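Subject: Structure handover

Hi,

Here is the structure I promised to pass on to you. Have a look at it first, and then read on for my notes on what turned up.

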Amino acid sequence: PNNGSNWYTIGNDYTPEGTATCIWNTLGLAAGTQYQVRAVAVDEVDLRGTSTSVTFTVNNPPKPPVLNAISSPTSASTINVSGSSVANGTVTIYVNSSSVATVSVGNGGTFTATGISLTAGTNVIQARAYDEKWNGLSEYSSSVIVVRDTSSPTVSILTPSTSRGVIILEAKAEDDLVNIREVVFEYYDSSWHHIESSDASVGG
């Protein structure tokens, strides 16, 4: 093929019937680009004959979009989804296999979809793209997983029931979806006060 600069060999073939076949996978070529194709026959004394070239335009679907990382886990009900794709195209955002938004891609090949709703639990974010000539829908992008936690952790005091002087407080905290970051101990004396501790840790 030739795209206006050089000729490149795709493959070669020949049968006794005088026909030749070559299968060319053009999926790696940029959509909208014009190419010329020709055939060159070589005989056994190395004389060559060249066909008239044929011009065609590659109309393959664009490559899948690339999504930017998204903070997870989160308690937010909506997020922004951004990434890169074919310039001046269109990107459709999917959450758990359902289409939720369609946005335009700028000249620089970037896009942002705002206010994408999350369900409680695991959300699988993907995207697909059309180029500006609508040459077909791309494959799905790689997935970005966002976990939305809507339930507060449970916590209970284990010890002590009564004591005096310096005492050791223990509590058990659990969350079904995410890790516990910390447990804060407080005491009440007309209002709640933080208990300072020089040796505090978080366990199961």
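**Thr26 and its surroundings**

Thr26 counts as buried, because its relative accessibility is 16% and the cut-off for buried is under 20%. Please keep in mind throughout that this is a predicted model. Thr26 sits in the segment before β1, the strand that covers residues 34-37. Leaving aside residues up to four places away in sequence, Thr26 touches Val58 and Asn60.

**The chain as a whole**

Let me step back for the overall picture. The chain has 15 strands and zero helices. Its radius of gyration is 31 Å, whereas a compact globule of 204 residues would have one near 17 Å. Along the principal axes, the C-alpha atoms fill a box of roughly 105 × 35 × 25 Å. Of the 204 residues in the chain, 25% are buried. The accessible surface amounts to about 14,100 Å², and carbon and sulfur atoms account for 47% of that. If you take the contacts between residues at least 6 apart in sequence, 50% of them join residues at least 24 apart.

**A three-stranded sheet**

One part you may enjoy is the open sheet with the strand order β5-β6-β9, paired in antiparallel fashion. Strands β5 (66-67) and β9 (110-117) stand at the edges with a single partner strand each, so one side of each has no neighbour in the sheet. As general background, strands of a sheet pair through backbone hydrogen bonds, either parallel or antiparallel.

How many bridges join β6 to β9? There are six, and β6 (residues 78-84) runs antiparallel to β9. You can follow this pairing through Thr78, whose bridge partner in β9 is Ser117, and through Ser84, whose bridge partner in β9 is Thr110. On the β5 side, two bridges join β5 to β6, again antiparallel. Here Leu67 has Gly83 in β6 as its bridge partner.

Strand β6 also shows an alternation of side chains. Ile79, Val81 and Gly83 point to one face and are buried, while Thr78, Asn80, Ser82 and Ser84 point to the other face and are not buried. This follows the usual rule that in a regular strand the side chains alternate between the two faces of the sheet. Put together with the bridges, Gly83 is on the buried face of β6 and is the partner of Leu67, whereas Thr78 and Ser84 are on the other face and have their partners Ser117 and Thr110 in β9.

**Aromatic rings**

The structure holds five aromatic pairs. One of them is formed by Trp24 and Tyr35, which meet edge-to-face, with 6.2 Å centre to centre and 85° between the planes. This pair links distant parts of the chain, as Trp24 is in the segment before β1 and Tyr35 is in strand β1, eleven residues apart. Are the two partners buried or exposed? Trp24 is partly exposed, with a relative accessible area of 27%, and Tyr35 is buried, at 10% relative accessibility. Through ring pairs, Trp24 and Tyr35 are linked with Phe56 into a cluster.

To place Tyr35 against another part of the chain, you can look across to Gly109: the two are 74 residues apart along the chain, and their C-alpha atoms are separated by 24 Å.

Two arginines also lie over ring faces. Arg38 lies over the face of Trp7, at 4.0 Å from the ring centre, and Arg128 lies over the face of Tyr140, at 4.4 Å from the ring centre.

**Backbone details in the loops**

Finally, here are some backbone details to look up in your viewer. Ser72 and Pro73 are joined by a cis peptide bond with an omega of about 5°, and Pro73 is in the loop between β5 and β6.

Which residues have a positive phi without being a glycine? Asn88 has a phi of about 65°, and Asn96 has a phi of about 50°. Asn88 lies in the loop between β6 and β7 (90-95) and is partly exposed, at 34% relative accessible area. Asn96 lies in the loop between β7 and β8 (98-104) and is partly exposed as well, at 33%.

Happy browsing, and best wishes!

Notes. Residues are numbered from 1 along each chain as its sequence is written. This is a predicted model: local features need pLDDT of at least 70, side-chain atom pairs count only at pLDDT 80 or more; totals for chains, interfaces and linings use all residues. Side-chain values use heavy atoms; hydrogens and water are left out. Helices (H or I, at least four residues) and strands (E, at least two) are DSSP runs, numbered from the N terminus. Buried means under 20% relative accessible area, exposed over 50%, partly exposed in between (1.4 Å probe, protein chains only). Contact means heavy atoms within 4.5 Å. Two strands pair if DSSP finds at least two bridges between them. Rings of Phe, Tyr and Trp (its six-membered ring) pair if their centres lie within 6.5 Å; planes under 30 degrees apart count as stacked, over 60 as edge-to-face and the rest as tilted. A charge sits over a ring if NZ of Lys or CZ of Arg is within 6 Å of the ring centre and within 35 degrees of the ring normal. The radius of gyration is taken over C-alpha atoms; the globule rule is 2.2 Å times the number of residues to the power 0.38. Accessible areas come from the Shrake-Rupley method with a 1.4 Å probe; for residues, only the protein chains shown count as cover.
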